[in-house]
Each structure stands twice: as structure tokens, then as C-alpha cells.
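Here is a short report on a few residues of one protein. Keep the sequence and the 3D view at hand as you read.

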Amino acid sequence: FAGVERLSVLRAGNYRISEYAAAVGLAGLDGLSTRLKDMRALTLAYESRLEGKRVQLQRGVGREWVSMTMNVIVPEEQVDATTRRLDGQKIEWRRWWGLGCHRHPAFADLPRADLSATDRLSQYVIGLPFHDSLTSADLDRIVGCME
């Protein structure tokens with residue numbers, strides 16, 4: 001990725017990691033169940049705060065599966081106002097995949113099927129802060145920017 005817009009500007013290769021990096025990764029597996037439990041709890045904390053708002057979570061997140069990101073589906077007509085409120089509160093947000101990988105310079109020339117759903121969804125799915133240092137007050141502040 002290059003720049004703040006997270007654009008893929010070149011196609012990656014089949015790179016290898018060092019033995020040290022592999023060992024660190026394997027050691028991280030020891031805490032995986034705790035990490036999954038924490039991510040599930042954070043997701044459900046967001047879910048409870050979003051109740052009654054028009055912003056939606058992806059179906060099954062926090063219950064059937066977990067993610068390392070918190071992507072919310074904002075009603076199309078509320079995206080600009082929502083992102084302005086987040087910016088005004090100095091809360092970082094992003095479109096994790098930009099407006100679709102097919103729009104990234106590294107992939108723009110590749111053949112593809114119809115991506116009209118991606119084109120539509122990429123406009124109003126945004127990523128919110130999602131890490132283990134978020135407090136209840138942080139979550140309240142973030143969700144306070146949602147309608």
C-alpha cells in the first residue's frame with residue numbers, strides 16, 4: 001500500500017519471512033484464543049452501542065465469526081455527515097479497500113467480472129477504530145458519531 005489512501009501500486013511477489021519472524025508468529029498462536037475472545041467482546045460492545053441506530057454491522061460478526069477490523073455499513077445518505085462527524089471528533093476511519101481493489105493501480109488492468117456490488121458497497125462501508133486499548137468512553141464517543 002502507498003500513501004494514506006491505501007492504494008496497491010504494485011503487485012506483490014511470493015515473499016518469505018525469516019525464521020525469527022516465523023517463530024514470533026508461532027509464539028503469537030499461544031494467545032490466539034484470548035485474542036479472539038477479546039475481539040468478539042469488542043465487536044459485541046460496538047453492537048450493543050449501535051442498537052437503535054441506522055448503522056449496521058456485517059451479518060454474523062462477533063457471533064459466528066470475528067474480524068481484526070470493525071467495518072460498519074452506513075446508510076448511503078448518511079456517509080458524508082458521518083465521516084465529517086468522525087473527522088470533527090478526530091476519530092480515524094477508513095475505507096479498508098479504497099473503492100475496490102479493481103481501482104488500485106496494481107490491479108486496474110486485470111480482467112474482472114461485474115463488480116457493481118463492490119462499486120456500490122465501497123461508497124458506504126467504513127472502518128472504525130478496533131483495538132484492545134479502546135475504553136468504554138472511546139466506544140461511546142465513536143458510536144456517538146453514528147446516526
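What follows looks at burial, at one strand residue, at one loop residue and at the cysteines.

This is a predicted model, in which local features need pLDDT of at least 70, side-chain atom pairs count only at pLDDT 80 or more, and totals for chains, interfaces and linings use all residues. Residues are numbered from 1 along each chain as its sequence is written, and side-chain values use heavy atoms, with hydrogens and water left out.

Start with burial. Buried means under 20% relative accessible area, exposed over 50%, and partly exposed in between (1.4 Å probe, protein chains only).

| Residue | Relative accessible area | Class |
|---|---|---|
| Asn71 | 6% | buried |
| Lys90 | 73% | exposed |
| Cys101 | 40% | partly exposed |
| Cys145 | 4% | buried |

Asn71 sits in strand S2, residues 70–73. Helices (H or I, at least four residues) and strands (E, at least two) are DSSP runs, numbered from the N terminus. The side chains of Asn71 and Thr69 share a polar contact of 3.1 Å. Such a contact is a pair of N or O atoms within 3.5 Å; within protein, one must be able to donate a hydrogen and the other to accept it, and residues adjacent in sequence count only if both atoms are side-chain atoms. Beyond its neighbours within four places in sequence, Asn71 is in contact with residues including Trp96, Trp97 and Ile126. Contact means heavy atoms within 4.5 Å.

Now the loop. Lys90 lies between helix H3 (79–88) and helix H4 (116–121). Lys90 is not a glycine, yet its phi is positive, at about 60 degrees.

How many disulfides does the structure hold? Zero. A disulfide is a pair of cysteine sulfur atoms within 2.5 Å.
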